[in-house]
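Grab the viewer and a pencil. Here are two exercises to work through, each with its solution spelled out.

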Amino acid sequence: MGSKEEVYEVVGIGFGPSNLSLAVALEEHESKESGQPLSAAFFERQPTLGWHRNMLLPSAKMQISFLKDLATFRNPASRFSFISYLHAAGRLAQFVNNQEFFPTRQEFHDYLEWAESSFADRVTYSSEVLSIKLPRADGPADHVEVEMRDTGSRGATRLVKARNIVVSTGLVPKMPSGVARDERIWHSSEFLEKFRKLDQSGVKRVAVVGAGQSAAEIVRFVYDALPDATVCAIMPSYGYSIADDTPFANRIFDADAVDDYYHGTQRSKDSFWRYHKNTNYGVVDDEVIRDLHQRQYDDEVRGTPRLEFLNLSRVDTVKQTGDDVRLTMHSVRNDETYQLDVDVLICATGYDSMEPTELLGELEGHCLRDQEGRFRVERDYRLATTADVSCGVYLQGGTEHTHGLASSLLSNIAIRSGEIADSIAERRSTRQYSAA
Ligand code: FDA
Ligand code: NAP
């Protein structure tokens, strides 16, 4: 290996909430272990920290309690808790008086930025990780080389060495099959940026596809923002269904549930999904559902309907015809197809899980897979590898098949990042002990 200074103990790929939480956990681990810092560097392709910025709609609320922040569940005394943030912002008393368990996404974003400001020396922004390379050396690879590109004007590439990498690159936006994005066809993940650029004067009809939280929030926003436009909500279900966040169901997001899932049988894993998928996927918060119903009802009373629900329908194909976007939909009501012309189409059609295969590059061939071709992941979120790789490759996200429903969510990030920090520290101790 080259000079020691070039090697980080931890390289984090992506700097969203998951790796920000890891930065906190590493920092707090350091003070616990005093004097044995775990050197860390994080690389993020965005120019600054941004948590789903294009969905920071004015009234959008968090879908978890403010106590499920970056640190509290692991360390209730952390100086990076949401409560510490409120205290620093001078809003603790007002927050309590407000009696709201679910802050706005805007406020949570402000909290993330506040926490991030303590780690500026460890994060490189505008830096997209392209691939992971294995060193050319005899014996097991005890580090990897991480290749990245400056996404700014320079476009320069850079290599750093890491004894452990933590891949936290987030969900991947999903369009209906065969539908390409363009200036009038958007995915919800690019919504606000595209909406701000839109010449709103000529927009008479907007379609929003999907029956999940993103779709419902966008329908509400567009309806309010474009008072002269008709908004068509296209959904596969009969109507929006409620996101179950009742107390017993919510237990599937507890730290203990990760063990129950991980150590369970395939049948128990299937049960988690079958009975509790409606806590998160294709479902909508009660408040947003009621807001939308009220708007449609008020329109009926006034005799000016402009919110249309095209239910039991899926978008099949989309074509541009002049300035219009023509959708062809399949209705399961009568098994027929029908068409709709709109000025703008927003596909709130969800996300695929994080999939690190491409990013792992040549390292991927050394990662073990299960019978269904999925990555084998240890309980500490480390990918199982062949014996010729001794460095650690950890995942935050993309572990739904091994660690369950909370894998892409915030619910468990404080505990998860603590477990990863502990695992990295423990493996370092073993390494140092073996070398002594
Ligand atoms: P996240 O996607 O936030 O961050 C990944 C980062 O990696 C991004 O900043 C990206 O730019 C970067 N990146 C990707 N590839 C890279 C590369 N090759 N090189 C460098 N950087 C790279 N969950 C929940 O529990 N409660 C909630 O309230 C919500 N709310 C919510 C709103 C919306 C609109 C969405 C779409 C999703 C949610 N979620 C959620 C789920 C969501 O997955 C979760 O809130 C976090 O974003 C997960 O954090 P991560 O850091 O894992 O991913
Ligand atoms: P989602 O829950 O996966 O919903 C996608 C929806 O699109 C589903 O109803 C899906 O139906 C539908 N769909 C897909 N293809 C379609 C097609 N061709 N025609 C018609 N409908 C189609 O995705 P999401 O709403 O973006 O939510 C993703 C995550 O982000 C969730 O965790 C959610 O809680 C979170 N989120 C949070 C907030 C917040 O915190 N305020 C805001 C937005 C999102 P099928 O399932 O039948 O395919």
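The exercises below look at one residue and then at one sheet.

This is a predicted model, where local features need pLDDT of at least 70, side-chain atom pairs count only at pLDDT 80 or more, and totals for chains, interfaces and linings use all residues. Residues are numbered from 1 along each chain as its sequence is written, chains are lettered from A and ligands numbered from 1 in the order in which they are written, and side-chain values use heavy atoms, leaving out hydrogens and water.

**Exercise 1.** Place Q36 and find its contacts beyond its neighbours within four places in sequence.

*Solution.* Start with the address: Q36 sits in the loop between α1 (17-33) and β2 (40-43). Helices (H or I, at least four residues) and strands (E, at least two) are DSSP runs, numbered from the N terminus. Next, contacts (heavy atoms within 4.5 Å): Q36 touches R428 and Q432. For a distance, take A425, 389 residues along the chain from Q36; their C-alpha atoms are 9.2 Å apart.

**Exercise 2.** Work out the strand order of the open five-stranded sheet, then its edges.

*Solution.* Strands pair if DSSP finds at least two bridges between them. Following the pairs gives β8-β15-β9-β10-β11, with parallel pairing. β8 (185-187) and β11 (307-310) each have a single partner strand, so one side of each lacks a neighbour in the sheet. Now zoom in on β8: three bridges join β8 to the parallel strand β15 (residues 344-347), and H187 stands opposite C347 in β15.
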